[in-house]
Amino acid sequence: MTQKSTDILVDWTDEHTAKFQKDILTVRHRLSETGLFSDEALAQMLDKHPKEKLDVCTMHTDHPLYPNQFRTGDFRDVDGATLIKAAKAGAIWVNARQAMNVHPEYNAVLKRMYGSISEVTGRPSFNARGGILISSPVAKVPFHCDKTETILWHVRGKKRIYIYPLTEEFLADESYQNIIANDLGDDLPYKAEMDKSARYFDLEPDQMISWQLNAPHRVDNQSYCVSVTTEYSTKASAFKNSVMYTDALLRKKFSVQAKWSDASNGQRLIKSAAGRVLRKAGAIKVDDVKDMVTFKIDETAKSYVVDVEPFVRNF
Ligand SMILES: [Fe+2]
């Protein structure tokens, strides 16, 4: 078996190439060697990161007002180093959206990551976007699916990812149509017994994992973690999503229950062309859901988290 390494990927084999975008694969990488994912480097990145692309969240099972709810926090009073401390203390998690695109030094690494993937798979280059997630055991990524090809590049800490079969039982066409039509949340209905059918992976530092387009998954953190998530559209994902948009519209307006698996190629081509136009035109009206801020980060508070009078996020 041939093994290839690049400046980012370690020991990529033909088996990895065969599984890429078709099945689950894990491989070692060298992101921590870049020095950009140390606490100091991340704190500096957070200080420069655009506020509108930064989410600071918390969740507590036993909060009297917000039990088991994802909550959005106000981080404007504190610096990046404090956010890192609060994440390490298990109080919050931080999602620096598009950090791998916004900051030139991180973008150079993103280009190397996807350059490496092109090099080992022989596929043309990818137009990827990437965010950095700084999290702790308080953070759970609920059962959901992504609309585009996603890769999780785990860098520091331990987390377990569960990946579920891509079947109607775990991802109903109707659920996926809702995700496409709403463009809001990607969460799916979840029951604990579904885990029996999942494959799970305990990710080690500097290990990446990828899976088949749309395969539902969820993540449990076991420690303070730093990860990069990247996503990119392919012709196949854009095609499927425009078909699903048309199907969503048919169901909402005409109660037609269209199924992806039942459609012929010809039907899909027509629906895809229609879906692209309809989606651009905003044919499905989306409810405006307000992002409410319910706490702020306060470094003088022992828990770092202080409730505030809820207000609509304006930063
Ligand atoms: Fe995901």
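Two strands are said to pair if DSSP finds at least two bridges between them, and that notion of a bridge partner will guide much of this tour of a predicted model.

Begin by selecting the open sheet of 11 strands, whose order is E2-E4-E13-E10-E15-E8-E7-E5-E6-E16-E17 and whose pairing is mixed. Strand E2 (9-10) and strand E17 (305-312) stand at the edges with a single partner strand each, so one side of each has no neighbour in the sheet.

Stay at the edge strand E2 and add strand E4 (residues 25-29), which pairs with E2 in the antiparallel sense over 2 bridges. Here Val10 can be found opposite Arg28 in E4.

Next, move to strand E8 (residues 129-135), which is mostly covered, since 6 of its 7 residues are buried. On adding strand E7 (residues 93-96), you will find that E7 and E8 run antiparallel and are joined by 3 bridges, with Ile134 in E8 as the bridge partner of Val94. Then select strand E15 (residues 225-232), which runs antiparallel to E8 and is joined to E8 by 7 bridges; Gly131 has Thr229 in E15 as its bridge partner.

Finally, leave the sheet and select helix H6 (residues 173-182) together with helix H7 (residues 235-254), which pack at an angle of about 100° with their axes 8 Å apart. Because angles of 65 to 115 degrees count as roughly perpendicular, H6 is described as roughly perpendicular to H7. To see the contact, show Glu174, Tyr176, Gln177, Asn178, Ile180 and Ala181 of H6 beside Asn241, Met244, Tyr245, Asp247, Ala248 and Arg251 of H7; coloured by class, this contact has 6 nonpolar, 3 polar and 3 charged residues.

Key
Residues numbered from 1 in each chain as written. Predicted model: local features only at pLDDT ≥ 70, side-chain atom pairs only at ≥ 80, totals over all residues. Axes fitted to C-alpha atoms, helices over the stretch in contact; angles between N-to-C directions. Helix = DSSP H or I, 4+ residues; strand = E, 2+ residues; numbered from the N terminus. Parallel < 35°, antiparallel > 145°, perpendicular 65-115°, else oblique. Contact = placed C-beta atoms within 7 Å. Nonpolar A, V, L, I, M, F, W, Y, C, P; charged D, E, K, R; others polar. Buried ≥ 20, exposed ≤ 12 C-beta atoms within 10 Å, placed from the backbone.
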